[in-house]
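Hello,

I am passing on a structure to you, and below it you will find a short account of what came out of going through it. Please keep it open beside the text while you read.

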Amino acid sequence: MFGKFKRLWAKQPLKKSYDAVIIGGGLHGLATAFFLARNYAMTDVAVIEKRYIGYGGAGRNTAIVRANQRTQENLPLYKEGLDFWPILTKELDFNLMFYNCGNLNLAHSEAALKALRLQVTSAQFHGINSQLVDPKECKALIPALDISDRPTYPIFGGMYHPPGGIVRHDAVVWGLAKGAAKLGVHIHQQTEVTGIEVENQKIVSVDTSNGKISTPRVLNAAGGYSAAVSYHMLGIRLPISVLTIQAMVTHPLKPLLNHVVSSGAYHVYANQTLKGEIATGSHMDPWPNYTTQTSAYYIKHQAEALTKLMPCLKGVKFMRSWAGLADMTPDMAPIMDGNYPLEGYYMDCGWGYFGFKSSAVTGKYMAQFMATGECPDILKPFELRRFEHHRLMGETPAVVEYSPNN
Amino acid sequence: MSLTITCPICGKRNGYEFRYGGEDKEKRPEEDMFTSRAWCSYVHMNKSVAGTQKEWWCHKDGCGAWFAIYRDTTTNLEVSDPNEDGSKAKA
Ligand SMILES: Cc1cc2nc3c(=O)[nH]c(=O)nc-3n(C[C@H](O)[C@H](O)[C@H](O)COP(=O)(O)OP(=O)(O)OC[C@H]3O[C@@H](n4cnc5c(N)ncnc54)[C@H](O)[C@@H]3O)c2cc1C
Ligand SMILES: [Zn+2]
């Protein structure tokens, strides 16, 4: 019916040496590879992926993008990340299905509203469209919401961020892989990095399940496994806790939710996909684990929370549930660093449950870092040493307060 | 994910009764030896082992005891001390 398929990227033999080796065929690894080739003509690059590209958080996230964070360090990166989706769509010539439907974060107390006020003004200071709205305006945006005083936690107001929305996550993976491969990057799936060799405090090679690769540069973009890779292969501990985070979708419904909605008090966020399903999530296991298993405990919680916020969803069925890993740092901000503590060792990790939205733009800056050896200004606050210098960022969780740190 | 934890006082209980207390780490740095690096290491840095690790728990919705167990982070199963008799799962 569809004729012959052509592969989006070719399979190449694993070479004995590369200019740069990227651990992890996720969003961050593929984006960095693409921009190394495209902006710096560094095409002798290998992306090493132990399963298949998009196997990690890249293919499991709930696709939400926004730029209404709280801190001065994070906002510029997320703003550029959000503005970047239409540009990347053109550049990759690939339909990333960006739908800028806007995000509404609900507040269920005076204190929560006060916290949102700070977040709104911080975003506005950076020229980002973000506004406080009252319960009636929330209802106007999402008629399905119950704004009465009947729920356990009635709605006090919200933060509305019109430019945010959703992007098709798999499309980003495929588009970046196709773009990178076309420029000459090698993508090696079913290949696991098993060790990293260091001589005189310099990276010299990487061991994989398919052989050794000599290289002066390696990027740790192993997502949920980045901290384990760092400790196991280099003995470097990171301020990361790995938690399983769950998500699920209902059966497809007619259009009823045309914004991303989230609620801290109910520990839930939801959006309606272009296909009509309500995609929803947010539960994180409160203890570290690598299981990626879902739980009956949470499906029940999710059904309760969703129907409290939007009673019309009663009787709707969940079709699928799944989970992935979130590499959480204590300050809800990622770690991006390079040539520290080893020359040629770069890291782009600690992206928790929020690393999809700015993956492409981060890849652009990590590529600049790796090609020039100089850290771009926008990435400087995210260095690993901030924890030693007590310069934690104070970014706030999007909806959940879960983490082993509180 | 389901998890059971064996409290030394109350026995095997549902994991949601407990609060995770972090990886078993080096001793808390002494004040006279105090450096920001040592403190950062003690407070923030993790091994994040994908496998068996020693870790602290508090039986918050029970007797309140603090204790350490071994757990396989890839299966969420409590295991016995691997230094004693391999990583055999507890009965
Ligand atoms: C359920 C869920 C919902 C989420 N929702 C959102 C959201 O709505 N918005 C948002 O912005 N973010 C969200 N996220 C977070 C986002 O998905 C991640 O932050 C992002 O995928 C991180 O990208 P990455 O490239 O660092 O890692 P990943 O995409 O996880 O890629 C890492 C890759 O490395 C590979 N790997 C690991 N170890 C090795 C090794 N030794 N050798 C070779 N390869 C290896 C893995 O197989 C994996 O493919 C969500 C995450 C989850 C799990
Ligand atoms: Zn007890």
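**What was found**

Please bear in mind from the start that this is a predicted model. In chain B, among the contacts between residues at least 6 apart in sequence, 43% join residues that are at least 24 apart. The secondary structure of this chain consists of 2 helices and 6 strands, and if you follow the sequence you will meet them in the pattern β-β-β-α-β-β-β-α. The C-alpha atoms of chain B fill a box of roughly 45 × 30 × 25 Å along the principal axes, and of its 91 residues 38% are buried. The area that chain B exposes is about 5,200 Å², with carbon and sulfur atoms supplying 51% of it. As for charge, chain B carries 13 positive and 14 negative side chains, and the centres of these two sets lie 3 Å apart.

Turning to ligand 1, you will see that 36 residues surround it, the closest being A:H28, A:E49, A:G57, A:A58 and A:K357. A polar backbone atom of A:A58 is 2.8 Å from an oxygen atom of ligand 1, while a backbone N or O atom of A:G56 lies 3.4 Å from an oxygen atom of the ligand. With A:N61 the side chain is involved, since an N or O atom there is 3.3 Å from an oxygen atom of ligand 1. Of the 1,000 Å² of accessible area that ligand 1 has on its own, the protein covers 97%. The elements giving two or more residues to the shell around ligand 1 are α1 (27–40) and β17 (318–328) of chain A.

Best wishes

Technical notes
Residues numbered from 1 in each chain as written. Chains lettered and ligands numbered in written order. Predicted model: local features only at pLDDT ≥ 70, side-chain atom pairs only at ≥ 80, totals over all residues. Heavy atoms only, no water. Helix = DSSP H or I, 4+ residues; strand = E, 2+ residues; numbered from the N terminus. Buried < 20%, exposed > 50% of the residue type's maximum accessible area, 1.4 Å probe, protein only. Contact = heavy atoms within 4.5 Å. Areas by Shrake-Rupley, 256 points an atom, 1.4 Å probe, with all protein chains shown as cover. Lys, Arg positive; Asp, Glu negative; His and termini not counted. Charge placed at Lys NZ, Arg CZ, Asp CG, Glu CD. Near = heavy atom within 4 Å. Polar contact = N/O pair within 3.5 Å; in protein donor to acceptor, adjacent residues only side chain to side chain.
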